[in-house]
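Trainee: I should like to understand how the terms used for a structure are justified. May we go through them one by one?

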Amino acid sequence: MENKKQKTVDILKETRKASENGKIRVKEFMGIKKKIKASLKLESKTIPQIIDETKLDASFVTYSLMTMMKYGDVQVDKIDDDDEYYFYKLKEVK
Amino acid sequence: MDNQDKVQKFDVMVIGGGIAGEEAALNLAKMGFKIILVEKDYSIGGKMVHLSKVFPTLDCSACITTPKMSETTREPNITIKTYSEIKEIEKSGNHFIGKIIKKPRFVDEDTCTGCQLCEDVCPVSVDDQYQYDLVGRKAIYIPFAIALPKVAAIDLDNCILCGACEKVCPANSIDFTEKPEEILFEVTSVLIATGFNLFDAGKKVEYGYGRYKNVIHAMQMERQLVPTRPFNTVLRPKDGKSPDNIAYVLCTGSRDKSVGNPICSQICCMYSIKQAQLLMGALPMADVTIYYIDIRAYGKGFQEFYQQTKDMDVEFVKGKIAKIEEKEDGNLELFYEDIENGGKVKTAEHDMVVLAVGLLPNNEIASVFKDEELELDPFNYIKQKDKLINPALTSIDGVFVAGTAASPMDIPDTILSAGAASAEVAGYIRSLK
Ligand SMILES: Cc1cc2nc3c(=O)[nH]c(=O)nc-3n(C[C@H](O)[C@H](O)[C@H](O)COP(=O)(O)OP(=O)(O)OC[C@H]3O[C@@H](n4cnc5c(N)ncnc54)[C@H](O)[C@@H]3O)c2cc1C
């Protein structure tokens, strides 16, 4: 069964290579995901706090954090006292 | 034709599965005509399915359009081909013959349950075009939450061929060997409902779209205002700040010869006013300013809606924006001609800017007609041969047009236009019998 499931991608691989852009994006996303997860490990943080800590590009952090939220890695905690920035935390794995 | 037994025969081919195409297909199907509806995207629904609420009633757009989408898919007289491209259409006597290519989505449409387990294991993240690039999506993905059909698709251009999706799919629906399918057709009439293109905000270089992340376009704001939004609420894409001083720049790419689009897009004033009202609800403490040249509130209830928005303290400034500059904190400085106060150049600071992008013609379909020319009007929309009396007629006998393929218009006018077009198509087919 396992072999049969593997088959169609293997057939395609005989004539087509994996996407170079796809490979770059995997590496990029895995990298930033790791950094954001590390940053949120101990406490919830706002996006500027994550940016400060990781020194990553601001809009890339927002984009990636929101993508992580879409796929269930991160959730909203609370908003700050000035109602400006939300705190985000890692989603608890049950 | 050699492949006569393979030719699929219908009364009408509707091209485009937006609100115009769905409405016309349903009208004609209910009259007993057999319809083939060809949609180039993975799902039917067009732009309307991605909108938040609609002016001036503020009804939920998805709530109106999803029942129509599902009615279209369930109607026995309608055959839908999604992710399909028309290659050619030729006149043959009283009929049109031609070829459609149904492109492979590499996922079996009949067995995929839309469970999204494949998305969970896919390691690739690229821009999500259905969220207008505000977040990422996987290389295998369900296009959007209310897509119809709700079937995954593989974006092979970004796929690393790891095979994780194939391993995890409980329905064995993944098929990387799927090939394009050629469909030959014969129809009596063709109805074009291919809609519009959105103006590319990056072309107004002086507004900084693309360079300044807190300058977004109106469709991105629509997405931020829907329940299936890319962020947890309305936020600045640069740093996740909840904006409290938002500016709208009307006529971005409309009434503007410098970008080749001299006409009014008809809907941008009203959708900006609508978004301003929705923002007042989502962010009660925020200020919203609309920079305009003229406000065109021409439809039923529009002027009252505009007045109501003014009464909610949305500020309207008659001023043409010359340029936008970004400050260090991500705020934006707008340089504008203050038309009502002597035309002096003034500046104003906002923390987010929404460009009210206009509509552009989508006339690609004209090139598939092989033996007769599908004429365009001076603004490159599909030409309406007899705009006043028979608005759906085109330059080719038997080919009709509906919705924004013919000119910019809002949803109520699109539905009216689709109704008129279905009546004209039905009359045409009956006249041949
Ligand atoms: C930001 C924004 C906000 C708006 N808000 C409102 C509002 O509040 N109220 C309102 O009344 N209106 C609003 N509108 C306008 C509304 O979106 C349009 O009136 C409506 O979508 C027009 O429908 P349509 O079917 O003509 O075109 P579309 O929605 O563009 O649908 C066209 C369909 O045809 C398909 N297609 C295109 N080319 C081909 C091809 N070659 N082959 C097969 N298929 C093809 C497309 O994929 C698409 O599915 C808004 C528009 C914008 C941009």
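Mentor: The discussion below takes up a helix packing, an interface and some backbone features. Please keep in mind that this is a predicted model.

Trainee: Why are α2(A) and α3(A) called roughly perpendicular to each other?

Mentor: Helix α2 (residues 20-39) of chain A and helix α3 (residues 47-54) of chain A pack at an angle of about 110°, with their axes 10 Å apart. Angles from 65 to 115 degrees count as roughly perpendicular. The angle of about 110° falls in that range, and α2(A) and α3(A) are therefore roughly perpendicular to each other. Their crossing is right-handed.

Trainee: Which residues of α2(A) and α3(A) meet?

Mentor: From α2(A) come Lys35(A), Ile36(A) and Ser39(A), and from α3(A) come Ile50(A), Glu53(A) and Thr54(A). This set divides into two nonpolar, two polar and two charged residues.

Trainee: What makes the pair Lys70(A) and Asp128(B) a salt bridge?

Mentor: A salt bridge requires a side-chain nitrogen of Lys or Arg within 4 Å of a carboxyl oxygen of Asp or Glu. In this pair the closest N and O atoms are 2.8 Å apart, so the criterion of 4 Å is met. Lys70(A) lies in helix α4 (residues 58-70) of chain A, and Asp128(B) in the loop between β8 (126-127) and β9 (136-137) of chain B, so the pair joins two chains.

Trainee: How many salt bridges are counted between chain B and chain A?

Mentor: There are three between chain B and chain A, while the count over all chains comes to 29.

Trainee: How is the extent of the interface between chain B and chain A described?

Mentor: The two chains bury about 3,400 Å² between them, with 57% of it on carbon and sulfur atoms. In terms of contacts, 41 residues of chain B touch 39 residues of chain A.

Trainee: Where in chain B are cis peptide bonds found?

Mentor: One joins Phe55(B) and Pro56(B), with omega of about -10°; Pro56(B) lies in the loop between β3 (53-54) and β4 (59-60) of chain B. Another runs from Leu148(B) to Pro149(B), with omega near 5°, and Pro149(B) is in the loop between β10 (140-141) and β11 (153-154) of chain B.

Trainee: What makes Asn172(B) worth pointing out?

Mentor: Most residues other than glycine have a negative phi. Asn172(B) is not a glycine, yet its phi is positive, about 50°. Asn172(B) is placed in the loop between α4 (164-168) and β12 (181-192) of chain B.

Key:
Residues are numbered from 1 along each chain as its sequence is written. Chains are lettered from A and ligands numbered from 1 in the order in which they are written. This is a predicted model: local features need pLDDT of at least 70, side-chain atom pairs count only at pLDDT 80 or more; totals for chains, interfaces and linings use all residues. Side-chain values use heavy atoms; hydrogens and water are left out. Axes are lines fitted to C-alpha atoms, for helices over the stretch in contact, and angles run from 0 to 180 degrees between N-to-C directions. Helices (H or I, at least four residues) and strands (E, at least two) are DSSP runs, numbered from the N terminus. Angles under 35 degrees count as roughly parallel, over 145 as roughly antiparallel, 65 to 115 as roughly perpendicular and the rest as oblique. A crossing is left-handed if the near helix is turned anticlockwise from the far one by less than a right angle, and right-handed if clockwise. Contact means heavy atoms within 4.5 Å. Ala, Val, Leu, Ile, Met, Phe, Trp, Tyr, Cys and Pro count as nonpolar, Asp, Glu, Lys and Arg as charged, and the others, Gly among them, as polar. Buried area is the accessible area (1.4 Å probe) that two parts lose on being put together, summed over both.
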